[in-house]
Amino acid sequence: RGFYHDITRGRISTLETLLNLVEDMAYYKLNSLQLYVEHVFPFKETADILAKTDCITPEELKTVEQACKDNFIEFIPSLSTFGHMYEILELPQYKQMAVLSQFETLKNFWDSRQRHHTLNPLAEGSEELVQSLIDQYYPLFESKFFNICCDETFDLDKYPVCDDPGKAYADFVKKIIGMVKARGKDVMMWADILLKHPEVIDDIPEDTIFLNWNYKQEPPEENVAALANLGKKQILCPGNSAWYRLCEDVEEGNISQMAHFAKKYNALGILNTNWGDWGHPANLELGMYGLVLGAEKSWSEETPMDDHFYACVDHLLYGQEGAIAILKTIAPLQRKIKWKHFHCKHIQVRYGETHVVPINEPMPLLDEDLAEIQGLLPTIREKLSVPLVARQVDVSPSYLTALFHKNLQISPGEYIR
């Protein structure tokens, strides 16, 4: 019954935020926490990055570890070791280790860092780099598990460095697994690439735990069945759909269906994810409904999403009657004003520096959409009494103001610690 929180791409949670998260997890009877880390730790290799990005410190991690122990939560390390190594591979001394080291940088930073971030498993020094990162990170955790990630290694297939990308992937993953197991840890890893290369799944040590993710509101059953039929250990990983957005989507289909599949196929559990793609615009407090829903579905996947459940969440999470109804009204509006589109065209935010690009073209909004949004916000604000819910409304006018040719008011602190 886990929660996975991104502290790498935009927001690096403060210690206070993480300790509050641990308390909330314990309150809702979750028992496993992972933090997504690429470069945001004082690795010796990332010294040239951290002046821009900040990082979480070893002392902070140990404090979180103790808080987790006090609340019967296992704190499991998670570290990118193959894909999603963009910042390290952009450094001159490591750039030659990327599968694709020369490429045209896109206009938008967050778009660029989603693309060419795969370590070349055949490059000289790649193994040593990964081993060094692991050696600096794993001693801080008492958990017997270590998540090596190894997801979304897109470039290995798109720009193959050998005749058999699947085998190259599996061979390097086995080396990483060997490093971790030699240090007394059991391995978790994301399952997406191996599901695309089923011919090499059996090459991976059988005690590996596969983190099988899908974030669609109607997730397919095939990938879950595939690993189950092969006798593999798996944890199913839905998400709160808070990425690319100012608040989570407040839809139940993904988490509910993945919990159903987990029970049907005897998975080891649920690891509910809160990613930070495109600068992590949503505060953690605006992803908490997904956390609570995942906690409930991990206990009892048959629980119906009805008025009784919403009333419980209103009381326990928000302390306000009708809060879920308000969020369900706000959330769909973000489908009309898409953060990714707006961010890509009109604003550049990187590590706390905000640059507003003059809006010289109309946004794809219909007049009725604008009227609906402008009409709803004052009405909703009048009903709010709790900052947890009100924050979405407080952020939205800044967002809307920028859309309608005025100055964007976003503090650098919204994007870093």
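Start by selecting strand E7 (residues 233–237) and strand E8 (residues 269–274): these two run parallel and are joined by two bridges. Bear in mind as you go that this is a predicted model. To find one of the bridges, pick Ile235 and look across to E8, where its bridge partner is Gly269.

Keep those strands coloured and add helix H11 (residues 253–264), which packs on the sheet. H11 touches E7 and E8 as well as strand E6 (209–213). Look down E8 and compare directions: that of H11 makes about 155° with that of E8.

**The whole sheet**

Now bring in the remaining strands. You should have an open sheet of eight, with parallel pairing, in the order E3-E2-E1-E8-E7-E6-E5-E4. Which strands stand at the edges? Select strand E3 (74–76) and strand E4 (145–147) to see them; each has a single partner strand, so one side of each is left without a neighbour in the sheet. As you rotate the view, note that neighbouring strands are turned against each other by 25° on average, direction ignored.

**Helices H1 and H3**

Next, select residues 15–27 for helix H1 and residues 58–70 for helix H3. Their axes are 10 Å apart, and the helices pack at an angle of about 15°. That makes H1 roughly parallel to H3. The crossing of this pair is right-handed. To see the contact, show side chains: on the H1 side are Leu15, Leu18, Leu19 and Val22, and they meet Glu60, Thr63, Val64, Ala67 and Cys68 of H3. By class, that contact has seven nonpolar residues, one polar and one charged.

**Helices H6 and H8**

Move on to helix H6 (residues 126–137) and H8, whose axes come within 10 Å and cross at roughly 35°. Here too, the crossing is right-handed. From H6, display Ser126, Glu127, Val130, Gln131 and Ile134; they meet Phe172, Lys175, Ile176, Met179 and Val180 in H8. This contact is made up of six nonpolar, two polar and two charged residues.

While you have H8 on screen, pick Lys174 and Asp171. Their side chains meet in a salt bridge, with an N to O distance of 3.7 Å. How far apart are Lys174 and Asp171 in helix H8? They are three residues apart in this helix (residues 165–182), which means a separation of about one helical turn. If you want to hunt for others, the structure holds 13 salt bridges.

**Helices H13 and H14**

For the last stop, select helix H13 (residues 307–318) and helix H14 (residues 323–330). Their axes come within 8 Å and cross at roughly 95°, and H13 and H14 are therefore roughly perpendicular to each other. Show Tyr310, Val313, Asp314 and Tyr318 from H13, then add Ala323, Ile324, Leu327 and Lys328 from H14, which they meet. Colouring this contact by class gives six nonpolar residues, no polar ones and two charged.

Notes. Residues are numbered from 1 along each chain as its sequence is written. This is a predicted model: local features need pLDDT of at least 70, side-chain atom pairs count only at pLDDT 80 or more; totals for chains, interfaces and linings use all residues. Side-chain values use heavy atoms; hydrogens and water are left out. Axes are lines fitted to C-alpha atoms, for helices over the stretch in contact, and angles run from 0 to 180 degrees between N-to-C directions. Helices (H or I, at least four residues) and strands (E, at least two) are DSSP runs, numbered from the N terminus. Angles under 35 degrees count as roughly parallel, over 145 as roughly antiparallel, 65 to 115 as roughly perpendicular and the rest as oblique. A crossing is left-handed if the near helix is turned anticlockwise from the far one by less than a right angle, and right-handed if clockwise. Contact means heavy atoms within 4.5 Å. Ala, Val, Leu, Ile, Met, Phe, Trp, Tyr, Cys and Pro count as nonpolar, Asp, Glu, Lys and Arg as charged, and the others, Gly among them, as polar. Two strands pair if DSSP finds at least two bridges between them. A salt bridge is a side-chain nitrogen of Lys or Arg within 4 Å of a carboxyl oxygen of Asp or Glu.
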